[in-house]
Amino acid sequence: MAVQCKVLICVYLLTLIKHVSPSEIQASPNTNATLPCNVTFPSSMKGDKIEKSLFTVSWITNGSNVASFTKAAEQIKEGFSWDTKDFVNGDFSLTLLRASLDLQGVYECTVSYNSTLLRSSSVTFSILASPTLSIPQQWVVLETESHLKCHADGFYPPPVFFSWTRDGKEIQPPYQTEGEQSPDGYYAALGNLTFYPSREDQNVTFGCRVSHNRSIHELDFHLNITYRPSVRLSVLPSHSQNIPLTLYCDVESFYPEEVSVSWLQNGTALPEPPATEQNPDGTYRTRRYYTLSTEQRDQGGKVECAVNQPGVVHPVSGSAYLETLDPRDEPPVLTKSAKASVALMCISLVLVFLLCFGFSWRRRDEKKKSLNVSGIILPPRVIVGQKGRVTCSIEGRMVDRVQTTWFLNDTPITDTSLTGTSKANFNCLYNPLTTIHLPYGLTLTSPVSEKGHLLPSRDELGYYKLHTHGPLHSTGSGIQQLVSSLTFIPQIAIHKGAVFKCQVSYAGKDKIVVERVSEKFTILSAPEVSEIQLAETQNDSEVISMTVKATHFHPDVITFRWFCEGGELSPVASQASSSPRPNSEGFFSAYSQCKLPRSELEKGGTKVWVSVHHIALKQPVTRETRGFIKKPNVSEIHSTSPPDQALTLGCEITDFHPPNISVTWLRLREGEQDDREEEVIEGGELWGPIQTQPRLYRATASLKRRLTNQEKKERGGIICRVEHCSLLEPIERRWRNVDIVAPSIPPSISVCWSSEGVGVFSLLFKGGHPKVKLLWAAGGPTLSPLVSNETEEIGDDGQRELKSVCALERSTNLPSQTSKQPERRKNGHAIRTKAAVTDPDAEGIEYIDEKADGENNNIDRDEETKSELDEDSDRDSDKEERERNSGALHINTVNLNRSPRENERARFRVCVEITHPALKLPVYRTWTEPNEEISSSA
């Protein structure tokens, strides 16, 4: 009785157990991790009703048994633990002690109760180790190329992304590093930053930022910047050659305070003492003395003062020769020649003084003409289509006589900002841009305001406009300032890789005083980003591709980043990583594509977005889409034209999502091809969209208009263009403006039988537009489709005639039919359609049998195989004959089976279905075999 009760409890538990989906557990190294495996029992069941001994529990990984529990025994490997007391509560979890890399993998939990499987699940365990950041302490030299290193150690799994910050702002974008694996299995990576330290970097917080597994780790630090000193070597005066000589070395403008000064004589180090003082600007200075002994003074030669600093590879030194610093005094002795030389020198000094005094007046005038010309200042951002200004400043005492000339590379620039104004009034502005002298306080600009409408560019230089401000008094010493600037509209074809030149000269003088050349500048053009286009993948309809295009941007470096509900995706096809070729205007274009399973998008809540990053954008451009999409099905255009009423055209659009859809009606003139210029027709209406199924919609587009007589004569057409976010290209349906006229339909089918039992059935239609559609069929109780032949001719009355002919033979005994085929294939030429209609019994007529073509599906395959070798030569000749006779008539074979109850053949019927736009319903014509023919054939 107890056993039966346990079995009933087990069966009852099976209906109430909640299965949990497989999960993933991550843990840090050397920590404990619990792998869950739980079974939920109903609240009505008490713990004392469940026997722990009836449980069978096992944990397996990589084919190895980690832990197991049975009634007979309990086993668990070292490094794992569990609490079997919790089994009765449905908790079969396994705890990993001191997690490590070798414990990673998939763990399978299997729980059975009384030999009945209750639970089978798997848990993936992996190690997640965050990196440890460190930056070696080092000195960098001011305005010298320096390298910083950031170590990320002990992380798992790879990769990591390094970036560098300055005062919280990113100065180097993130870049990926896989790192190297150490012997313990973890990874280490090194990030580098190359830069030139400036004075502004002192006491600024720098940071090394590392991104690992969606977590950010950052280490801040300050730079130790070394300021290189200036070194000057001097000597204290000495009145005797027999006493020691004292040298001193001035070291100025260095940082930090710690500095060492060493003395060398002829490359040999000398002993030294110290002292430093701080300058007002925070740097330090020191004067070091060294006294040479008498022997060292007599030795003479080169003396150096070398200064070493932290981070400086080559010490800064000052040197001099003792013969220069310490000349040897000798008693003066003047000879007669020396006295004459002194007298001549005095006379020369007087002459030189007189000459200098004479030239001083001229030098005074030249000093007034000296100019201080700044470099050319470029705009901070040069953007295509937006005005930019380059400026050059000139200072001096005679700037009112200065003129400037601007060049693009070596081509003189002409002012192109004027339009509708006589050039005679502004001759100076249509020559190379030149500044002329103006009274004080006036400004020369073109008559058109810079804030006015941008005029179209002239010639190939584009839009340019000159501005000159000054002369302005800048100081009290009579120095004036003149500012010459040039406004231009950047164009890639003109300004890419170009430089501006400004030549400064005096009015009326051809000599160029100063020439300044600008640096090369980068032209920016922000990308035009399309909406996300969604489409089904050609090879896999269960995968949806999302495409976004960026066009009209410059330079060619662009980044696409795809995201899905907060996680970043990887693009499967992108042209942004390579360098796309520019178009004729110099702009670049690129596209990026991502793919997602249809099931994710069909949930209706999956949000996907892409951010586009470019140097011309202040903020990234974002495009997003949400939910399931499906391409619309667009029907052909149907038309109704009641008498004396407007023409109504309609187009059905079904099975699409999302419901946003656009329909445009366009007019197509007669004879226009796909490269036509279309004319949009107003007045179209859209009924819907209306929901037909969950996430599926339908709509009806209609257009009502009355055709003019001219449009009726032109026989043009109308296009219905449907646009939807799931379509890369719009769907178009065309309707032609033609008159619909019903043809003349004969009352019955004409039939002729040949002596070989082949029946030729025909119909002759006259007039009508467009061409009728025909479907021939034959058989007994059920009909099978037939192959027919249609030809068009112009009749004697001038009307168009359409002749449709269908040839067939009845078959009730397949072997006998097969034996007749060779006879037909040996009698001359194939019958042509017209001859078959007029005289089917004519001599020399040959019918093309569908069994010879291999198209008769009613022939038994065994019979066909047996006769294949015998008929190969006949088939080859038939094929050549059919190619020469393209109008040969195809013979259909219809097999009439006898009734299973009666030994009678069913009545033979031939039917044709006639459809035409002018007919509301199809028209049928039928021929039925007479009763006497059935009895005679039986």
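This is a short tour of selected strands, loops and aromatic rings, with a suggestion of what to select at each stop. Keep in mind as you look around that the model is predicted.

**Stop 1: strand S31**

Start by selecting residues 402-408, which make up strand S31. Is this strand buried or exposed? Of its 7 residues, 7 are buried, so S31 is largely enclosed by the rest of the structure. Now show the side chains and look at each face in turn. One side carries Val402, Thr404, Trp406 and Leu408, the other carries Gln403, Thr405 and Phe407, and all of them are buried, leaving both faces covered.

**Stop 2: the partners of S31**

Add residues 500-506, strand S36, to your selection. S31 and S36 run antiparallel and are joined by 7 bridges. For one pairing to look at, find Leu408, whose bridge partner in S36 is Phe500.

Next, add residues 411-412, which form strand S32. Here too the pairing with S31 is antiparallel, this time over 2 bridges. Which residue of S32 is the bridge partner of Phe407? That is Pro412.

**Stop 3: the turn at Asn409**

S31 and S32 form a hairpin with 2 residues between the strands. Select Asn409, which sits in the loop between S31 and S32. Its phi is positive, about 60°, although Asn409 is not a glycine. With a relative accessibility of 34%, Asn409 counts as partly exposed.

**Stop 4: a stacked pair of rings**

Go back to Phe500 and add Phe521. Across the whole structure, a search finds 25 aromatic pairs. One of them is formed by Phe500 and Phe521, which are stacked with 5.8 Å from centre to centre and 10° between the planes. Phe500 belongs to strand S36, while Phe521 is in the loop between strand S37 (512-517) and strand S38 (523-524), so the pair ties together parts that are 21 residues apart in sequence. Both of these residues, Phe500 and Phe521, are buried.

**Stop 5: an aromatic cluster**

For a group of rings, select Phe55, Phe69, Trp82, Phe87, Phe92 and Tyr113. Together they form one aromatic cluster.

**Stop 6: the loop at Arg98**

Now select Arg98, in the loop between strand S7 (94-96) and strand S8 (105-113). Its phi is near 55°, a positive value in a residue other than glycine. Is Arg98 buried or exposed? Arg98 has a relative accessible area of 55%, so it is exposed, as the cut-off for that word is over 50%.

**Stop 7: two cis peptide bonds**

Move along to the loop between strand S12 (146-155) and strand S13 (160-166), where you will find Pro157. The peptide bond leading from Tyr156 to Pro157 is cis, with omega near 0°. Pro159 lies in the loop between S12 and S13 as well. The bond from Pro158 to Pro159 is also cis, and its omega is near 5°.

**Stop 8: strand S59 and its neighbours**

Finish with residues 773-779, strand S59, together with residues 909-915, strand S67. These two strands pair in the antiparallel sense over 7 bridges. Then add strand S60, residues 783-785, which pairs with S59 over 3 bridges, again antiparallel. A hairpin through 3 residues joins S59 to S60.

Which residues are the bridge partners of Ala777 in S67 and in S60? In S67 the partner is Cys911, and in S60 the partner is Pro785.

Notes. Residues numbered from 1 in each chain as written. Predicted model: local features only at pLDDT ≥ 70, side-chain atom pairs only at ≥ 80, totals over all residues. Heavy atoms only, no water. Buried < 20%, exposed > 50% of the residue type's maximum accessible area, 1.4 Å probe, protein only. Helix = DSSP H or I, 4+ residues; strand = E, 2+ residues; numbered from the N terminus. Pairing = 2+ DSSP bridges. Phe/Tyr/Trp six-rings, centres within 6.5 Å; stacked < 30°, edge-to-face > 60°.
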